[in-house]
Amino acid sequence: MAKYLVTGAAGFIGSSLVRALLARGDQVRGVDNFSTGKRENLTEVRDKMDFREADLLDLEAMHSACQGVDYILHQAAIPSVPKSIVDPLGSNGANVDGTVNLLVAARNAKVRRVVYAASSSAYGDTPTLPKHEAMPTSPISPYAVAKLASELYMTSFYRCYGLETVSLRYFNIFGPRQDPSSPYSGVLAKFSMQMLRGEQPTIFGDGETSRDFTFIDNAVSANLLACAAPAAECAGRVFNCATGRRVTLNQTFEALKKLTGHPGLVKYEPERGGDIKHSLADITLAQKHLGYKVLVNFEEGLRRTVDWYKTQAQPAGMQP
Ligand code: UD2
């Protein structure tokens with residue numbers, strides 16, 4: 001039985017990892033500062049894990065959190081492209097300084113491997129599709145720069161100190177427990193909840209923007225595989241975590257109309273600053289070196305997601 005530390009354990013992806021690890025009998029420690037994570041996300045697993053309310057910027061707390069740990073799944077971050085444009089210092093602190101603190105603590109505690117939640121935003125608005133890991137990076141927003149910087153720190157700690165690291169470039173992960181309530185929430189979480197409430201969603205741009213929307217179970221599986229793969233296959237490396245298929249915002253709106261029974265129209269507004277137009281992954285490298293497979297496709301993932309939000313939906317005008 002291995003011991004895992006999940007950072008951002010109360011977040012959407014972190015809490016999904018916690019559940020998966022506990023389900024297979026692993027020991028789990030979690031840290032979160034609740035900046036974006038939610039206590040409710042851990043409700044029924046809280047007493048089965050060692051949870052600590054702590055900030056990644058607190059180096060002493062990170063030293064303590066890393067003691068006795070085999071694997072770290074580093075999910076803690078302040079996500080969102082537009083949020084980083086409003087607050088680049090906050091983004092850099094949480095997404096870069098926090099990572100370096102964690103890496104120093106992991107190295108000192110002789111953790112076996114750190115798996116990092118990197119981002120597809122590192123590719124930026126390069127026209128080439130699909131995006132593969134050997135392509136040059138071209139991040140646009142402060143968020144994308146910060147995520148890429150942390151990814152480079154991961155590799156640096158492998159090269160300089162021999163700490164095994166794996167970076168998974170997430171492509172728009174979605175699913176149950178993704179927070180729909182903030183203006184910075186992921187588009188599928190926002191749209192699902194808005195449409196279940198009969199509200200009108202807003203598409204930024206003409207709706208032909210596309211994303212390789214990836215259901216959470218695929219990301220959870222990629223993390224577990226990244227811990228288990230031989231070091232020769234993955235240490236110090238970067239892998240796309242995606243499905244290899246892209247869907248436009250207009251298509252997602254139509255799919256959600258069917259699933260939610262939403263009768264109305266969508267509103268169009270100008271494109272968001274820092275956005276990229278198209279995103280699609282080549283997943284060959286993860287398939288080859290991690291044994292990664294797409295477990296749940298977009299349609300099935302969206303159905304499961306809407307089913308979950310149905311259990312959360314409140315009448316219009318009320319907060320979830
Ligand atoms: C980026 C990364 C993603 C992850 C995420 C974390 C890319 C391609 N993806 O996601 O992997 O790191 O950041 O936050 O860089 N939109 C609307 N209406 C809304 C909300 C969003 O039209 O109400 C649009 C938005 O302008 C964008 C698309 O939907 O074109 C996706 O937005 P998002 O915030 O869900 O995710 P994105 O692509 O910034």
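These legends go with four close-up views of a predicted model.

**View 1. Helix α2 and what covers it.** Let's start with α2, the helix that spans residues 59-66. Which of its residues are buried? They are A61, M62, H63, A65 and C66. The elements covering these buried residues include the strands β1 (3-7), β2 (27-32), β3 (50-53) and β4 (71-74), along with helix α4 (88-108).

**View 2. The two ends of α2.** At the start of the helix, look for D58: one of its side-chain oxygens comes within 3.3 Å of the backbone nitrogen of E60. Now move past the other end, where G68 follows α2. The phi angle of G68 is positive, near 75°.

**View 3. The largest nonpolar core.** This core has 61 residues, and the ones touching the most other members are V18, L73, L168, Y170 and L290. Helix α7 (residues 216-228) contributes the most to this core, giving seven residues. Another core, of 23 residues, lies apart from it, and A61, A76, V114 and L163 are among its members. Back at V18, try finding its contacts beyond four places in sequence: V6, A9, V28, L42, V45 and M49.

**View 4. Two helices that cross.** Here α9 (residues 249-260) packs against α11 (residues 298-312), with their axes 10 Å apart. How are the two helices oriented to each other? The angle between them is about 50°, and α9 and α11 are therefore oblique to each other. Their crossing is right-handed. Where they meet, α9 brings T252, A255, L256, L259 and T260, while α11 brings F298, L302, R303, V306 and K310.

Definitions and conventions: Residues are numbered from 1 along each chain as its sequence is written. This is a predicted model: local features need pLDDT of at least 70, side-chain atom pairs count only at pLDDT 80 or more; totals for chains, interfaces and linings use all residues. Side-chain values use heavy atoms; hydrogens and water are left out. Buried means under 20% relative accessible area, exposed over 50%, partly exposed in between (1.4 Å probe, protein chains only). Helices (H or I, at least four residues) and strands (E, at least two) are DSSP runs, numbered from the N terminus. Contact means heavy atoms within 4.5 Å. A polar contact is a pair of N or O atoms within 3.5 Å; within protein, one must be able to donate a hydrogen and the other to accept it, and residues adjacent in sequence count only if both atoms are side-chain atoms. A nonpolar core is a set of buried Ala, Val, Leu, Ile, Met, Phe, Trp, Tyr and Cys residues joined through side-chain atoms within 4.5 Å. Axes are lines fitted to C-alpha atoms, for helices over the stretch in contact, and angles run from 0 to 180 degrees between N-to-C directions. Angles under 35 degrees count as roughly parallel, over 145 as roughly antiparallel, 65 to 115 as roughly perpendicular and the rest as oblique. A crossing is left-handed if the near helix is turned anticlockwise from the far one by less than a right angle, and right-handed if clockwise.
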